[in-house]
Amino acid sequence: MGGEIKSVPFSASRAETLEQLARLCRNGREGPPPRIEPSGSASLDAVLPGGGWQSGTVVELMPVSDGIGELRLLMPALAKITQSERHVAMIAPPYIPFAPALLRHGLRLEHLWIIRAQSTTDVLWSAEQSLRCKSFGAVLVWPQTIRDREVRRLQLAAEAGSSIGFVYRSPAAARESSPAAVRLRLQAASNGELSIDIVKCRGARAGMSVEAVSGWRLADGQNSTAVLAPETDISTAPPHQPPTTNRQPL
């Protein structure tokens, strides 16, 4: 027989033990190291695995309300991804992306895809296919509902495509378990920043809170602005006049 018995040393960190088992399942074949996209906030990067948003993972974002900065939080990473010639997909966003603001945040719009799927099945299928495509660096998705097995499918797709999946869920989901690698509950802080509760963070400590101090700025150095606007039926607007909306500062 002559085979060598492989042992996995016990680790105080469950995440480390699972990673060791995963390496054994790959028969020792290590793939390329994951990409790390800094969040733009030093306080958040300090607790994220690898010091930023890590490719091959699914991140759940659970804002307590709309318009508190839950999309602006991702702007530095999304700008860097599009500037590196990779695509970003937004699937079933609740508001219309506001192109001028996205440009001011540094995004290259030719690499931004908006997928307006309707049913939950179509939304999750679109997310999975986009994550598997190696041309995409990040996929943002707003499903009405999502189950654990569907999160696992997205995780596998993100690993296959070396992309990052950002799943927006309701704040009530923070009370439930999930196989997502990172789970963050977001709420507005009194100083105008974004307060982030670390519900789960593989390879790091959960149960702590940080504030996403805005070390990130717009490409033109000005203050942040709304990046999405509530969806409006443009057919009701007078000819040659854009519809009037109140933009939500997401």
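The following exchange examines how several structural terms apply to this predicted model.

The model is predicted, so local features need pLDDT of at least 70 and side-chain atom pairs count only at pLDDT 80 or more, while totals for chains, interfaces and linings use all residues. Residues are numbered from 1 along each chain as its sequence is written, and side-chain values use heavy atoms, with hydrogens and water left out.

Me: What makes Cys201 buried or exposed?
Reply: Buried means under 20% relative accessible area, exposed over 50%, and partly exposed in between (1.4 Å probe, protein chains only). Cys201 has a relative accessible area of 4%, and is therefore buried.

Me: Why is Cys133 called partly exposed?
Reply: Its relative accessibility is 30%, so Cys133 counts as partly exposed.

Me: How many disulfides are there by the distance rule?
Reply: A disulfide is a pair of cysteine sulfur atoms within 2.5 Å. The count under this rule is 0.

Me: Why is α5 called roughly parallel to α6?
Reply: Helices (H or I, at least four residues) and strands (E, at least two) are DSSP runs, numbered from the N terminus. Axes are lines fitted to C-alpha atoms, for helices over the stretch in contact, and angles run from 0 to 180 degrees between N-to-C directions. Helix α5 (residues 120–132) and helix α6 (residues 148–161) pack at about 25°, with axes 7 Å apart. Angles under 35 degrees count as roughly parallel, over 145 as roughly antiparallel, 65 to 115 as roughly perpendicular and the rest as oblique. The pair α5 and α6 is therefore roughly parallel.

Me: Which residues of α5 make the contact with α6, and what is their character?
Reply: Contact means heavy atoms within 4.5 Å. On α5 the contact is made by Leu124, Ala127, Glu128, Leu131 and Arg132; on α6 the participants include Glu150, Arg153 and Leu154. The residues of this contact divide into 8 nonpolar, 1 polar and 4 charged, where Ala, Val, Leu, Ile, Met, Phe, Trp, Tyr, Cys and Pro count as nonpolar, Asp, Glu, Lys and Arg as charged, and the others, Gly among them, as polar.

Me: What makes β6 and β11 edge strands of the sheet?
Reply: Two strands pair if DSSP finds at least two bridges between them. The 8 strands form an open sheet of mixed pairing, in the order β6-β4-β7-β8-β3-β9-β10-β11. β6 (112–115) and β11 (209–212) each have a single partner strand, so one side of each lacks a neighbour in the sheet. The twist averages 20° from one strand to the next.

Me: How do you know that β9 is paired with β3 and with β10?
Reply: Strand β3 (residues 57–63) is joined to β9 (residues 182–188) by 5 bridges, in parallel, and β9 is joined to β10 (residues 194–201) by 7 bridges, antiparallel. Arg183 of β9 stands opposite Glu60, and the bridge partner of Arg183 in β10 is Lys200. β9 and β10 form a hairpin with 5 residues between them, and Gly192 in the turn has a positive phi of about 90°.

Me: Which residues of α3 are buried, and what covers them?
Reply: The buried residues of helix α3 (residues 75–83) are Met75, Ala77, Leu78, Ala79, Ile81 and Thr82. Their cover includes β1 (36–37), β2 (53–54), β4 (87–91), α4 (99–104) and β7 (136–141).

Me: Why is Pro171 called partly exposed, and where does it lie?
Reply: Pro171 has a relative accessible area of 30%, and is therefore partly exposed. Pro171 lies in the loop between β8 and β9.
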